[in-house]
Amino acid sequence: MSDVLTQDRMALSRRTLLKAGALAGGGLMLSATIPMVARAAVGGAAAEASLNAFVSIAPDNTITIVGKNPEIGQGIKTMLPMLIAEELGADWSQIKIVQGDFDPAKYGTQVAGGSFATPLNWIPMRQVGAATRAMLLEAAAKRWGVSASGLKTDKGKIVDPKSGRTLTFGEVASDAAKLKAPDPATVPLKDDKDFTIIGKAIGGIDSPRIVHGEPIFGVDTKLPGMKYAAYERAPTFGSKLVSADLDAVKKLPGIVDAFVIKGDGDPQSLVDGVAIIADNWWVANKAREQLKIEWDKGQWGDHSSAGYAAQARAFYDKGQGTPFREDGDVDAAFGSAARILEAEYQYPFLAHASMEPQNCTSLMREDGVLEMWAPTQNPAAGHATVCKLLGLAPEKVELHITRMGGGFGRRLTNDFMSQSAAIAAKVPGTPVQLIWSREDDLRSDFYRPGGWHKFRAALDNDGKLVGFTDHFVTFANPGAGPFNPANMTPDEFPASYVSNLRYSKDEMDTRIPMGALRAPRSNGLSYAFQGFLDEVAEAQGTDLPSLLIEMYSGKEKAPDSEGAFGSTAQGFNPERAIAVIRKAMEISNWGTPSASGRGKGFGFYYSHQGYFAEVVEASAERGQVAVHDVWVAGDVGSQIINPFGALNQVHGSVIDGLGQALSQAVEFEGGAAKQSNFHDYQLARMPMTPQIHVEFVKSNNPPTGLGEPALPPVIPALANALYKATGKRVRTLPVGDSLKA
Amino acid sequence: MAIEVRINGVTHSVDVPEDMPLLWVLRNELGMVGTKFGCGVGLCGACTVQVDGVAQRSCSLPVGSIKGEVTTIEGLGETEVGKALQEAWLEVDVMQCGYCQAGQLMNASALLERNPNPNERQIKASMSGNICRCACYGRIHEAITQVAAAKLSAKESADV
């Protein structure tokens, strides 16, 4: 079974389905099926025995497990092997973990995105462990001449309870490797109550190497004879290179080569530019100052944030946009309303700004194979893009997945891989490491798209919400329509919960690259919708959590919109929403007034199959915002697989969301991004860190991911808290100076 | 022209322009890649090293200007405070992606060497130049506090 889904798995329209299927650029290929590739034991008694693609066991009982998914800091290289080790009956101290190369035939889906790893692998990885355990038991049973069904495992040993005999996994591994692997689907899995590894706080497997400064990230890749490359592209998106004078650069000391690279016109693949190769990256990068390049900006050179805002205004002046959901009789509801609320919310473009700048190392080998070391969240898409770009057969591109210094969705798009591959193809036999500067990174992103929402709400004589409209203004790639992160599904809450409802849309074309940023789409929609619903609740004389509980009460479970989450879909369960809302109210003492000058605000959002309700307490003295406390209640199912990683994801999401909301925006001028480094694109720093209180509400549902769903609700919770503290609604992000007198 | 620079107790001679930042000498000339490139202009702290115990941004430090002893993340474990911080980092499980952590550790150890018992405000002020994009700030703070407290209690025991 294979689900071909788009970047964040939503909006599975026919068009996006086809696009994702091609896997060019951002599409994700997701499959819940794990191949159990049986492999023969290698070498003699002293060597490791490979029981399948994921597990090898050495005679000294060291167990090596392959972490198949890319590690961006979400903890997956530790967490997926925990699932295998649990069912294997291993002791965690025996475990070594190695990063798997890109090899979907061996490992199945390998992707870091959409908080998808947990729901997609929760059962299959455990099945791998259980099937491997069955092979070890069978090998021991044969040696002892007993039935495998009577044997047990205990911390890396096989035990025969009748005789008390034991064998280590390592002692039977080479025998076990010769056995036929059982069908993973037929092997029984442990009861949750018997878990000894799942649910334990286990430290990141690479952390000891990191605190000692050992090479482990993509940019740490070092090959014999390796050179370094910088890539100069046009600041204006959509530009073409007309001519370049490279003479001055080539004469500089330390420069190995410089050449023009013509792109294929697709920003997700390769844009025109000049590559400069040197023995030292600083030398290559500095040489860019000497380049003389003529660019043709085409039709995009006058695009600007101000222009987009004016276009949005023109859309609002013109009418209501194109409806994409219409329930009941909206005009009648507003015609007979006792009270009508109206407000516009807007949010800006954002950059990802992962700490490790984009980079990739490539070598065109003498055998015609392109070998790559890539910090990519989406190796399948990167591999496909490179193969297409260079006209290479899939087996001619070997891809090593490296640990990444953050991803946040940026590395789902693999333009840096294309650049690196194109450079390596020009200098066969020489490994070259392409590194972007921070300025390159902030000015060549696939940005979180900005958006505008004009809301109206109709209340009847009893204050009941009887009508709701949103006119959404967003961006589209020319000829392709809005990419998912710039889109909104017809099922966005409160659709289905208000009888008379209209969602409509206007789109403007842009060549500014857009992509998925942590909790794509949800990170903007949560702010706008939960912010406006807070206004509705106030007008009703209630508060947002009470309004939401009332709306969700007694409602049926609903399928996830447009087939989202594929085979792992559980549907939206209003009862789970109510439980976390109540829990957040409880742990934050919601009803208790804040100290003078402070205010508490609430936000709830369901995304990536996770239910999160959050309360922020903030103040804004003389416009200076301080966030004091954040209370988080979340339901991601029956298990918190690794509490260490889980809490880190929640804390990180909360601060990430607050940082965005308080100070981040990318603006455009002359078709280019204005922001260039951390002085004008400000990330959250330690002094702004609030106290964060997290409580997981466990529910009887399969576990789902935590990389994203804790982020969306904190933004409206902050905006709503600042309203309580100051009396001013925050309808534009970032908060910035908007609260100053 | 060869430039001599002492790093983690070893004298290295490199043939690079004097204005090449120490970061790129470490990473591309000497193969010491623990020190990380983040912004190139001293705004993020990922490249933090110590020169004579003082935290410095190696991305903006011309190699020709260095007079003192450089300590990098590769040599941090040689000091008592550095080793204690590395251990606390693992015990608290500070990191997510880990990319900024070398810089965080170098800055934290410089802080504790000059102020063995910093309060919350001092820790936040001293660490404010180091960005953690994954926002592990709570745990970084916790690990620093833990090391400071352990040192303090060890000192008190010794004083009795």
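## Helix crossing, chain contact and a loop arginine

Helix α4 (residues 117–144) and helix α5 (residues 169–176) of chain A have axes that come within 8 Å and cross at roughly 95 degrees. This is a predicted model, in which local features need pLDDT of at least 70, side-chain atom pairs count only at pLDDT 80 or more, and totals for chains, interfaces and linings use all residues. Residues are numbered from 1 along each chain as its sequence is written, and chains are lettered from A in the order in which they are written.

**Exercise 1.** Describe how α4(A) and α5(A) are oriented and which residues meet.

*Solution.* Start with the angle: the crossing makes α4(A) roughly perpendicular to α5(A) (65 to 115 degrees). Next, list the partners: A:Met135, A:Leu136, A:Glu138, A:Ala139, A:Ala140 and A:Arg143 in α4(A) meet A:Phe169, A:Val172, A:Asp175 and A:Ala176 in α5(A); contact means C-beta atoms, placed from the backbone, within 7 Å.

**Exercise 2.** Work out what chain A brings to its contact with chain B.

*Solution.* First, count: chain A gives 47 residues and chain B gives 44 residues. Then look at the helices: α6 (207–211), α8 (281–286) and α17 (643–663) of chain A each supply at least two residues of that side of chain A. Finally, the largest share, six residues, comes from α17(A).

**Exercise 3.** Place A:Arg365 and judge its exposure.

*Solution.* Begin with the loop between β17 (359–364) and β18 (370–374) of chain A, where A:Arg365 lies. Now the neighbours: A:Arg365 counts as partly exposed because it has 14 C-beta neighbours inside 10 Å (buried is 20 or more, exposed 12 or fewer, partly exposed in between). Lastly, A:Arg365 and A:Pro428 are 63 residues apart in sequence, yet 6.4 Å apart in space, C-alpha to C-alpha.

How values were computed
Axes fitted to C-alpha atoms, helices over the stretch in contact; angles between N-to-C directions. Helix = DSSP H or I, 4+ residues; strand = E, 2+ residues; numbered from the N terminus. Parallel < 35°, antiparallel > 145°, perpendicular 65-115°, else oblique. Contact = placed C-beta atoms within 7 Å.
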